[in-house]
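This report covers aromatic ring contacts and strand pairing in one protein chain. The sequence and structure come first.

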Amino acid sequence: MGLIFEKQILITEEHIDGNNHVNNVQYVKWVEEIAGEHWNSVKDKLGFPNDIWMLLDHHIQYKKQVYLNDLITIKTYPKSPEGIRQPRKVEFYCNDQLVVDSLTLWVFINKETQKIQRLDEDWLNKI
């Protein structure tokens, strides 16, 4: 697995709100889910099988609506670290158009000590 992780989701009734489009809260859920899936796919290779990421800050921009039976592609990738903070982009595409754009900031937590753990500046090169 590499720096960019992606998956596709077919929009079903459970994703739709009273306005007949994907609910904004659903995107927030997907942002957290795909970040976790990406981490789970690389954590053993990186030597951190038990450590976790904690979300600090979340920005999301909704550009276009997505509807029932649309197929979306979600892409995520970490950006260069900012001290102890790790930025992560999550982009949602429908019909090759960016429909939602998210930038989150995370910190890495040692699960045993429950303390923030700083990763090497070049940790992304190991993915």
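## Hairpins and ring pairs

Strands β4 and β5 form a hairpin with 2 residues between them, and Asn95 in the turn has a positive phi of about 55°. The model is predicted, so local features need pLDDT of at least 70 and side-chain atom pairs count only at pLDDT 80 or more, while totals for chains, interfaces and linings use all residues. Residues are numbered from 1 along each chain as its sequence is written, and side-chain values use heavy atoms, with hydrogens and water left out.

Helices (H or I, at least four residues) and strands (E, at least two) are DSSP runs numbered from the N terminus. Two strands pair if DSSP finds at least two bridges between them. A second hairpin joins β3 and β4, with 6 residues between them; Gly83 in its turn has a positive phi of about 70°. The pairings are listed below.

| Strands | Sense | Bridges | A bridge partner pair |
|---|---|---|---|
| β3 (residues 71–78) and β4 | antiparallel | 7 bridges | Tyr77 and Lys89 in β4 |
| β4 and β5 | antiparallel | 10 bridges | Glu91 and Asp101 in β5 |

Strand β4 (residues 85–94) is mostly covered, with 8 of its 10 residues buried. Buried means under 20% relative accessible area, exposed over 50%, and partly exposed in between (1.4 Å probe, protein chains only).

The charged end of Lys75 sits over the ring of Tyr93, 5.1 Å from the ring centre. The criterion is NZ of Lys or CZ of Arg within 6 Å of the ring centre and within 35 degrees of the ring normal.

A search of the whole structure finds 11 aromatic pairs. Rings of Phe, Tyr and Trp (its six-membered ring) pair if their centres lie within 6.5 Å; planes under 30 degrees apart count as stacked, over 60 as edge-to-face and the rest as tilted. Trp39 and Trp53 form an edge-to-face pair, 5.7 Å centre to centre with 90° between the planes. Because Trp39 lies in helix α1 (residues 24–46) and Trp53 in strand β2 (residues 52–62), this pair ties together parts that are 14 residues apart in sequence. Both Trp39 and Trp53 are buried.

Trp53 also pairs with Phe108 in a tilted arrangement, 4.7 Å centre to centre and 50° between the planes. That pair links distant parts of the chain, from Trp53 in β2 to Phe108 in β5 (residues 97–110), 55 residues apart. Trp53 counts as buried because its relative accessibility is 19%; for Phe108, also buried, the value is 1%. Ring pairs link Trp39, Phe48, Trp53, Phe108 and Trp123 into a cluster.
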